[in-house]
Amino acid sequence: MSLNRRDLLKTGVFAGAAVALPTARFVGADTAARMPESKLPKPFSLPFKQAPIAVPYRKDATCEYYKMDMMGGYAEIIPGFKSYVMGYNGIVPGPTIKARKGIQTVVRHCNQLDAVHPVLGYTPWTSVHLHGSGSLPQYDGYASDIAMPPGGVREDGTVCTNGEYKDYHYPNYQKARTLWYHDHGVHHTAENAYHGLVAQYHLHDAEEQTLGIPTSIYDPTMNGGLGGWKGEYDVALTVGDLMFQSDGNLLFSLDNQSGHWGDVIHVNGVPWPVMRVKRRKYRFRVLAASISRSFKFSLNDPTTAQKSYGTQYSYQIIGTDGGLMPAPVTVKSHRQLSGERYEIVVDFGAIFKGKAKGSRVVLNNTSPKNNLNYTNTHQVMAFEVVDDAYDTSVTRGNGNAVPAKLSAINDIMNLTPAMSVATRRLRLERSGGAWTINGTTWDKIIQSNYQFVEAAPTVGTVETWIIENSSGGWFHPLHIHLVDFKILSRNGQPPMPHERGPKDVVYTGENETVTLLVRFDSLGKYMVHCHNLVHEDHDMMTQFEVVGPAGEKGDDPMYAAVARDMEFEATDVL
Amino acid sequence: MSSDVSAVTLPVRAGSVRSVTVRTVTIDMAILLAAAAGIAHLISTPAHWRWWQASGVFFAVITACQLTLAALLFMRRTSLPVLLFGIWSNVFVALVYVASRVTALPGQPATTAHHAPKAPGRAFLPARPEGIGPFDMFSLIVELALVALLVSLLPEKWRRHTTTVLMVCGLAMWGLTASGILL
């Protein structure tokens with residue numbers, strides 16, 4: 001070989017450009033400069049806030065109608081910085097919808113997002129999933145049933161100038177529970193949810209309203225007769241983690257498609273807030289809306305030493321994903337993954353007994369393994385006691401008790417193995433670089449034109465589903481759409497105390513096998529996926545189809561109710 | 001020179017002043033790299049055909065060129081036209097690779113996620129740059145190494161001109177990027 005130094009240099013200019021330019025684009029997308037910790041707010045320096053309660057657009061005797069515009073814009077999450085976010089009605093997290101059992105809800109979701117995400121550069125198509133609802137397949141937020149933003153390109157090459165909208169019908173026939181609605185658009189669920197397309201949805205029923213627990217009470221006279229809710233002690237906590245670029249925008253990194261972990265813990269969009277509480281019981285609806293992070297929550301006295309925890313206080317878990325537990329469970333900590341909801345009651349009267357006004361306790365996170373942790377990810381929020389008096393009238397939803405028995409009749413928790421008519425196994429694994437369920441990815445569903453199904457249970461039956469995670473390196477929060485299930489065992493042992501209520505997401509930890517009893521109540525195709533949203537997007541999702549005894553099928557999730565162009569919205573009566 | 005090396009007799013270009021041993025090793029390495037690049041593109045051809053027929057044809061042509069180059073080198077056909085063919089065909093492939101990773105190529109189809117069948121009324125992804133992965137980065141590095149080896153086999157005058165043109169191509173890529181045209 002005889003390349004002299006000059007030849008090598010000249011050839012190197014070409015080779016360097018050929019390698020560096022694609023790599024720089026790839027790396028630049030994933031590793032933008034992270035905001036230094038010195039710019040982040042100190043934990044417990046910002047006031048707590050809650051998302052507003054959504055007001056119906058109109059209502060009639062059997063239904064309440066809402067209209068939500070998904071919009072992009074800038075919000076000040078880190079003081080002094082503007083971050084691009086996307087929210088339902090432009091609010092992050094979105095407005096809480098409150099519903100009453102037996103009164104249906106219709107929500108018109110309009111995609112009015114930017115055609116191209118200004119930070120990440122993708123087209124934010126959307127599909128809205130009401131997580132925890134037994135909705136019909138076409139209203140379940142089927143991942144590939146998407147609505148385009150204004151400027152999105154349709155199949156025939158035309159531009160979707162106005163964006164698209166879709167009316168989602170929610171039956172509200174289930175028992176009282178904490179649900180949440182969030183984006184489920186194929187391959188962009190993580191980015192869309194991360195930027196703010198998440199919100200809580202509370203379903204109330206007569207049983208829940210008469211137990212004497214803190215709750216919310218419907219007032220038909222509020223909002224000019226459209227109705228509204230009162231419930232100071234029934235509090236939504238939507239917990240997540242974010243990471244910021246140095247310019248204030250959110251930093252999103254896939255970490256080799258393992259997940260995304262932020263260095264800022266936020267509650268309802270506020271980093272490490274502090275909430276002022278009275279000396280009484282509060283009910284917190286805790287939603288882990290993180291993209292990948294799992295939490296292990298506990299209540300402690302504040303300490304200044306990092307990851308050193310003071311006195312640990314007990315609290316009661318009264319509800320799980322599918323609503324109230326049969327009986328409250330007293331714990332000192334509980335583990336919670338993305339997608340899971342736990343309703344907890346904290347008695348600040350007992351915790352702060354004998355302590356001065358201004359005393360605090362901290363909601364901590366002793367992280368389960370296989371999370372990426374940073375300086376302050378072990379803290380979530382603080383509660384600071386005030387001496388304000390409170391209304392003791394139970395009839396106004398101000399219940400200050402937790403009875404020994406909660407949900408008197410709970411079909412799911414009454415399921416027994418003897419009722420099961422079939423046993424199926426779902427293997428959660430990484431295969432050939434892809435996240436799979438029984439070797440299947442959502443790509444396989446798409447390639448089959450949405451016909452492939454992992455299982456076809458018969459409506460009305462109960463099955464045993466065994467979820468296996470043979471990896472020691474990953475945990476998976478597995479979510480089964482449509483159904484509630486009962487956790488029978490975990491590695492052959494009884495489920496953890498806080499899991500002994502109806503569930504729709506199950507923590508499948510490292511080297512764990514979890515056995516579920518699942519009942520299928522209505523027809524149609526529904527998704528099963530990992531709720532680590534990065535896993536879901538890459539492509540850990542499959543589907544099952546509930547069929548009738550004679551093979552009857554439910555509505556088609558893709559075509560039974562498609563999104564429409566916004567040009568029709570004004571004349572389409574909601 | 002050891003007896004083993006002296007036993008190698010090559011139809012090397014008349015007038016060469018380079019070591020026969022080094023030239024032999026260089027050509028053998030070039031054969032391996034050309035064959036490796038050709039096989040890599042052969043493996044990728046079916047998937048690209050399914051996605052976008054034009055890219056499938058492109059990959060098939062690349063495969064044929066690189067395997068032909070390997071065969072010619074194997075037969076010790078190291079004439080100037082063969083070397084220039086090998087250099088510029090692989091430079092072209094590298095340029096197309098860079099372009100495909102930083103922008104959507106002209107005519108590149110819009111597609112549903114994962115190249116899924118389109119469905120009536122369904123929206124789909126606009127055309128956008130392809131991602132990079134270990135396999136295609138491996139192919140690129142093989143091609144760049146192949147280009148360097150082939151350049152080293154050129155006569156002095158041609159080598160000087162060729163490296164100058166390569167440098168201009170590299171500077172153009174950096175310049176287009178810096179100006180924001182390419183990225």
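What span should the 22 residues of helix 3 (residues 53-74) of chain B have at 1.5 Å a residue, and how far apart are its end C-alpha atoms? I began with this check, keeping in mind that the model is predicted. I found that helix 3 of chain B should span 32 Å and that its end C-alpha atoms lie 31 Å apart, so the two values agree.

I then went along helix 3 of chain B for burial, and noted as buried B:Ser55, B:Gly56, B:Phe59, B:Ile62 and B:Thr63, followed by B:Gln66, B:Leu69, B:Ala70, B:Leu72 and B:Leu73. Just past the end of helix 3 of chain B, I noted that B:Arg76 has a positive phi, of about 60 degrees.

Next I looked at the surface of chain B, where B:Ile39, B:Ile43, B:Leu67, B:Phe135 and B:Phe138 make a nonpolar patch of about 460 Å². I traced at least two residues of this patch to each of helix 2 (20-51) and helix 5 (134-152) of chain B. B:Ile39, which sits in helix 2 of chain B, counts as partly exposed because its relative accessibility is 45%.

Last, I searched the whole structure for disulfides and recorded 0 over all chains. For A:Cys63 I could see why: the closest cysteine sulfur, in A:Cys110, is 16 Å from its own sulfur, too far for a bond. I also noted that A:Cys63 is buried, since its relative accessible area is 5%. In chain B, the sulfur of B:Cys169 has its closest cysteine sulfur in B:Cys65, at 18 Å, and is therefore too far away for a bond.

Methods. Residues numbered from 1 in each chain as written. Chains lettered and ligands numbered in written order. Predicted model: local features only at pLDDT ≥ 70, side-chain atom pairs only at ≥ 80, totals over all residues. Heavy atoms only, no water. Disulfide = S-S within 2.5 Å. Buried < 20%, exposed > 50% of the residue type's maximum accessible area, 1.4 Å probe, protein only. Patch = residues over 30% accessible without salt bridge, like charges linked within 9 Å, V, L, I, M, F, W, Y side chains within 5 Å. Areas by Shrake-Rupley, 256 points an atom, 1.4 Å probe, with all protein chains shown as cover. Salt bridge = Lys/Arg side-chain N within 4 Å of Asp/Glu carboxyl O. Helix = DSSP H or I, 4+ residues; strand = E, 2+ residues; numbered from the N terminus. Expected span 1.5 Å × (residues − 1).
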